[in-house]
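Work through the following exercises with the model open, and try each task before reading its solution.

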Amino acid sequence: MDLMSIENPAFLKGLSNEELNILSEDIRHFLINRLSQTGGHIGPNLGVVELTIALHKCFDSPKDKFLWDVGHQSYVHKILTGRAKDFDTLRQYKGLSGFPKMNESEHDVWETGHSSTSLSAAMGMAVARDLKKEDSYIIPIIGDGALTGGMALEALNHIGDEKKNMIVILNDNEMSIAPNVGALHQVLGRLRTAGKYQWVKDELEMLLKKIPAVGGKMAATAERIKDSLKYLLVSGVFFEELGFTYLGPVDGHDYNDLFEQLNYAKKTSGPVLLHVITKKGKGFSPAEKDKIGTWHGTGPYKIETGDFVKPAITAPAWSKLVSDTVLKLARKDERIVAVTPAMPVGSKLESFAKEFPSRMLDVGIAEQHAVTLAAGLATQKMKPFLAIYSTFLQRAYDQMLHDVCRQKLNVFIGIDRAGLVGADGETHQGIYDIAFLRHMPNLVLMMPKDENEGQHMVNTAIQYNDGPIAMRFPRGNGIGVELDSTLKTIPIGTWEVLREGSDAAILTFGTTIEMAMEAASQLELQGIHVKVVNARFIKPLDEKMLSDLLKKQIPILTIEEAVLQGGFGSYCIEYAHDHGFGANVIDRMGIPDEFIEHGDVNSLLEEINLTKEEVVKRISAIARKKQKRA
């Protein structure tokens with residue numbers, strides 16, 4: 001079938017199962033080929049081909065509303081709703097988003113990039129539907145990994161209590177980003193092997209109805225028999241006890257099975273949970289064999305071999321540098337425990353887990369639990385290292401404030417993917433952590449200029465015993481500097497002068513230091529001498545150095561690959577104001593007050609004017625103002 005000609009999913013209504021199987025293979029072939037060029041979430045999408053087609057055949061989108069939890073498995077949905085022609089631009093600057101996007105299509109009714117939100121949103125839509133007296137199906141599709149998120153369990157509890165009409169599709173592929181963990185995962189494992197339950201229960205109910213009721217005793221006995229069968233056939237009846245009608249498990253790659261159960265679900269009153277078993281990566285051997293999440297989301301790859309297409313880089317990945325340094329220290333310090341919310345692969349903690357399995361805790365998609373678990377460890381004089389992405393730490397704001405910082409506990413937070421991350425777009429840009437952490441009392445926040453300073457910062461964090469300490473680091477690889485063989489500690493709250501100058505000063509850290517140094521060299525040619533400071537401690541500030549600059553009335557430009565509101569530059573202005581200096585001597589560059597969409601990082605930086613050219617322009621302007629005042 002010509003996938004490029006698809007405009008909407010209505011054409012599916014007239015296709016036979018044989019034709020649908022051909023369409024499935026066409027879509028898989030399309031995805032494998034296109035994603036080999038652009039990269040993307042190939043494993044999740046190959047696993048939901050038949051499920052997505054079946055949903056669009058059985059229901060009428062957008063009247064009936066599909067909510068894709070996390071959203072990274074929505075590529076097939078995009079193809080069926082007329083966007084196959086745009087896949088060459090997937091996850092690229094100004095191109096097709098890798099997640100549902102309302103401005104792309106009326107069929108995208110819920111935008112997401114974080115897990116466990118679909119059920120709560122679906123409940124809101126169901127309430128609105130009923131208040132407006134409309135007639136539509138609400139169908140959230142949630143993975144078994146996302147179901148472990150606390151928000152999803154809160155929503156299940158509410159939906160089951162309210163008895164709203166809703167069909168929850170549990171897409172169970174036994175993996176999320178990494179192999180799933182936890183008791184709920186074990187419950188699902190038992191359900192997978194239990195066989196179909198609903199049909200047998202219905203048959204028994206029909207049989208019992210044929211027995212003449214002999215007073216209340218026989219009726220009560222019948223109910224007990226029915227309940228006993230329920231507990232026999234469905235281990236724990238977890239979902240039924242929450243108020244759902246449980247259907248399944250269903251083979252998510254068998255159209256006959258899918259249509260039978262979807263049609264049954266449509267006729268069932270109240271909330272239904274349809275348990276669908278799928279195979280992540282189905283149809284592409286390297287992705288099918290993946291057991292640790294390597295093929296969850298990838299860059300470009302070679303179809304023939306499954307090898308990833310990567311540039312020749314000798315510098316270590318930031319995630320690996322940090323985890324390897326923690327591992328090195330853990331060999332000498334038995335108090336160190338690594339904690340991660342379902343990111344052992346992304347955070348490169350496999351070696352730590354192999355060497356110290358009892359000191360490696362993957363809590364699943366449960367960021368709030370991860371933070372407070374780390375706090376609990378710290379109360380017992382352990383040294384927890386929490387490995388978490390910046391964008392996911394947002395989900396545990398109150399736990400950071402209430403449980404970690406308020407109690408001044410010695411937790412080390414490794415904030416991975418800090419700054420712009422590119423292709424995953426606005427839901428994943430790590431640009432808010434400075435603003436939402438800076439105002440928390442007792443917290444130290446830092447970011448290294450290179451990987452050598454990074455390993456020393458890790459050591460500094462582990463040795464620090466005066467409360468929580470967090471280190472931001474970017475996605476990708478370091479810059480290739482030589483690593484010291486002996487680890488050092490860096491005095492807390494100290495900055496480093498990288499280049500001397502008296503006409504203006506740039507205060508920056510991390511990924512924007514290179515930009516500042518290049519701009520300073522260009523300005524030197526114009527006769528403007530700029531001091532460049534590695535402001536590696538974002539909190540606390542190096543008050544001595546900042547005060548000296550302000551006393552000398554040296555114009556200052558702060559640069560941060562993070563939001564300006566409440567950020568590092570704002571902190572410097574607050575300091576100047578609070579200590580009687582003129583705040584107008586400080587200019588700021590950073591992320592403006594808007595969501596930054598997907599695209600390569602350099603294109604995004606150019607779009608928001610966070611460039612070397614803009615640095616030169618700003619410094620030239622403030623240096624001229626200084627000369628006029630003189």
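**Exercise 1.** How many salt bridges does a search of the whole structure find?

*Solution.* The model is predicted, so local features need pLDDT of at least 70 and side-chain atom pairs count only at pLDDT 80 or more, while totals for chains, interfaces and linings use all residues. Residues are numbered from 1 along each chain as its sequence is written, and side-chain values use heavy atoms, with hydrogens and water left out. A salt bridge is a side-chain nitrogen of Lys or Arg within 4 Å of a carboxyl oxygen of Asp or Glu, and the search of the whole structure finds 33 of them.

**Exercise 2.** Is Arg438, which meets Glu574 in a salt bridge, buried or exposed?

*Solution.* Begin with the contact itself: the side chains of Glu574 and Arg438 meet at 3.1 Å, N to O. Glu574 lies in helix α22 (residues 568-578) and Arg438 in the loop between α18 (433-437) and β10 (444-446), so the pair ties together parts that are 136 residues apart in sequence; helices (H or I, at least four residues) and strands (E, at least two) are DSSP runs, numbered from the N terminus. Next, apply the accessibility classes, in which buried means under 20% relative accessible area, exposed over 50% and partly exposed in between (1.4 Å probe, protein chains only). Arg438, at 11%, counts as buried, whereas Glu574, at 35%, is partly exposed.

**Exercise 3.** Which residue forms a salt bridge with Lys132, and which one with Arg335?

*Solution.* Lys132 pairs with Glu134, their closest N and O atoms being 3.6 Å apart; Lys132 is exposed at 55% relative accessibility, and Glu134 is partly exposed at 44%. Arg335 pairs with Asp333 at 2.9 Å, N to O; here Asp333 is buried at 15%, while Arg335 is partly exposed at 35%.

**Exercise 4.** Which residues line the largest cavity?

*Solution.* On a 1 Å grid over the protein atoms alone, a cavity is a set of points where a 1.4 Å probe fits but cannot get out, and lining residues have an atom within 4 Å of a point. The largest cavity holds about 50 Å³ of space, a volume being the space filled by probe spheres set on the points, which are joined across faces, edges and corners. Its lining consists of Lys383, Pro384, Asn410, Val411, Phe412, Ala461, Ile462, Tyr464, Gly467 and Ile469, and β8 (383-389) and α19 (451-463) each supply at least two of the lining residues.

Note on methods: 1 Å grid on protein atoms, 1.4 Å probe; cavity = no way out; pocket = protein on both sides within 12 Å on 5 of 7 lines; lining within 4 Å.
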